[in-house]
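Good morning, and thank you for coming. I would ask you to keep the structure in view while I speak, since I shall go through its pockets, a strand and a sheet in turn.

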Amino acid sequence: MARSLTVALAQYVPLNGPDEVEVLRSSAAEMCSAAPGLDLIVFPEIHLCGDGDDAPDTNEWLNAAAEPLAGPRQRALCRVAADLGVWLIPGSVPELGDDGRVYNTAIVVDRRGDLVAYYRKVFPWRPHETWAPGHDFTVFDIPGIGRGGLSICYDAWFPESTRSLAWMGAEFVVNVVKTTGSDRAQERILARANAITNQVFMLSVNAAGPVGAGGSLVSDPEGTVIADLPSDEPGLAIVEIDLDDVTRVRQHGTEGLNRMWSQMLPGDPLIDLPVYSGHIDPATWRPRGQS
């Protein structure tokens, strides 16, 4: 039986106003109505924080808008997922950590309304962003379907990010984005490259214009674009992905040829990685859960 996941990628304009969560609820409800059987809805990076785009200092505004994960914003988002009976990644939110620092944090809420995972952006877009950086990567399980990984915008430029998620067992990686410039063209290439080199589905959803550059897409594990919103116009991409494709590609190779997760053999020497003050150990190379 196929392990299929039906996902809606919302390439929408960042929300502003007095009750952004209620607007998100309305949008998500329309998607569920239009696509019965929808499993997961994904919005772009910092989607709920459009008021910050017009602020004199965006970073200052976002810091002021930060809440703990147990705060009212998160509770409201959990109610949205529970009421609609759908998994929800509402983009990312400014999170006020217990340490007093502010993080750019992606969250995952299941269809019961429980927060099942959160991820703090490891690679803020410096020097433009003043977020405190996270320091670890996050995967989450959708029971009976498979494992996803979380990535935020600039993370995609660092191969360590997607490689780590794939090694942790992710079969699809959700990259929420708020890219406003011409480098979105390169990010679209990176989405496909990260899919190919890690044999995962890459789901990259960007904000729409006039704020964002759009260009949301889904790449399969062999780099084929299976859903695309190429312009900056607001749009919705609904795509069904079969996570058994990841298993097939890893077993038989990309285009039936390349099986990089099976590259290492018992007895191979350690590969030194001086940039990390570490190494690749052939004994621990394969993704978790792969025999």
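**Pockets, a sheet and a cavity**

Helix H4, residues 159-167, and strand E15, residues 278-280, each supply at least two residues to the lining of the second largest pocket. Please bear in mind that this is a predicted model. Which of its elements gives the largest share of that lining? The answer is H4, with five residues. In total, 13 residues line the second largest pocket, and those nearest its centre are Arg 163, Leu 273, His 279, Ile 280 and Trp 285. Sorted by class, the lining of this pocket holds six nonpolar, four polar and three charged residues. The space in the second largest pocket is about 400 Å³.

Let us turn to the largest pocket. Its volume is about 470 Å³. There are 24 residues in its lining, and Glu 45, Trp 125, Glu 129, Lys 178 and Thr 180 are the closest to the centre. Here the element that gives the most is helix H2, residues 58-65, with three residues. The lining of the largest pocket comprises nine nonpolar, eight polar and seven charged residues.

I now move to the sheet. In what order do its six strands lie? The order is E7-E8-E9-E10-E11-E12, the sheet is open, and the pairing is mixed. Strand E7, residues 139-142, and strand E12, residues 225-229, are at the edges; each has a single partner strand, so one side of each has no neighbour in the sheet. From one strand to the next, the twist averages 15 degrees.

Within this sheet, I should like to dwell on strand E10, residues 201-205. Is this strand mostly covered or mostly uncovered? Strand E10 is mostly covered, with five of its five residues buried. Phe 201, Leu 203 and Val 205 point one way from the strand, while Met 202 and Ser 204 point the other way, and all are buried.

Let us consider the partners of E10. With strand E9, residues 172-176, the pairing is parallel and runs over five bridges. One residue pair to locate is Val 176 and its bridge partner in E10, Val 205. With strand E11, residues 216-219, E10 pairs in the antiparallel sense over three bridges. Leu 203 has Val 218 in E11 as its bridge partner, and Met 202 stands opposite Ser 219 in E11. These two pairings illustrate the mixed character of the sheet.

How are E9 and E10 related along the chain? Together with helix H5, residues 184-198, they make a right-handed β-α-β unit. I suggest tracing the path from E9, over H5, to E10 on your own display.

Finally, I come to the enclosed space. How many cavities of 30 Å³ or more does the count give? It gives one. About 40 Å³ of space lies in this largest cavity. The residues that line the cavity are Glu 67, Pro 68, Leu 69, Arg 73, Gln 74, Leu 77, Val 93 and Ile 107. Helix H3, residues 72-84, gives the most to this lining, with three residues. By class, the lining of the cavity consists of five nonpolar, one polar and two charged residues.

To close, I would ask you to find strand E10 once more, between E9 and E11 in the order of the sheet, and to recall that five of its five residues are buried. Thank you for your attention.

Notes:
Residues numbered from 1 in each chain as written. Predicted model: local features only at pLDDT ≥ 70, side-chain atom pairs only at ≥ 80, totals over all residues. Heavy atoms only, no water. 1 Å grid on protein atoms, 1.4 Å probe; cavity = no way out; pocket = protein on both sides within 12 Å on 5 of 7 lines; lining within 4 Å. Points joined across faces, edges and corners; volume = space filled by probe spheres on them. Helix = DSSP H or I, 4+ residues; strand = E, 2+ residues; numbered from the N terminus. Nonpolar A, V, L, I, M, F, W, Y, C, P; charged D, E, K, R; others polar. Buried < 20%, exposed > 50% of the residue type's maximum accessible area, 1.4 Å probe, protein only. Pairing = 2+ DSSP bridges. Right-handed = clockwise from strand over helix to strand, strands pointing away. Axes fitted to C-alpha atoms, helices over the stretch in contact; angles between N-to-C directions.
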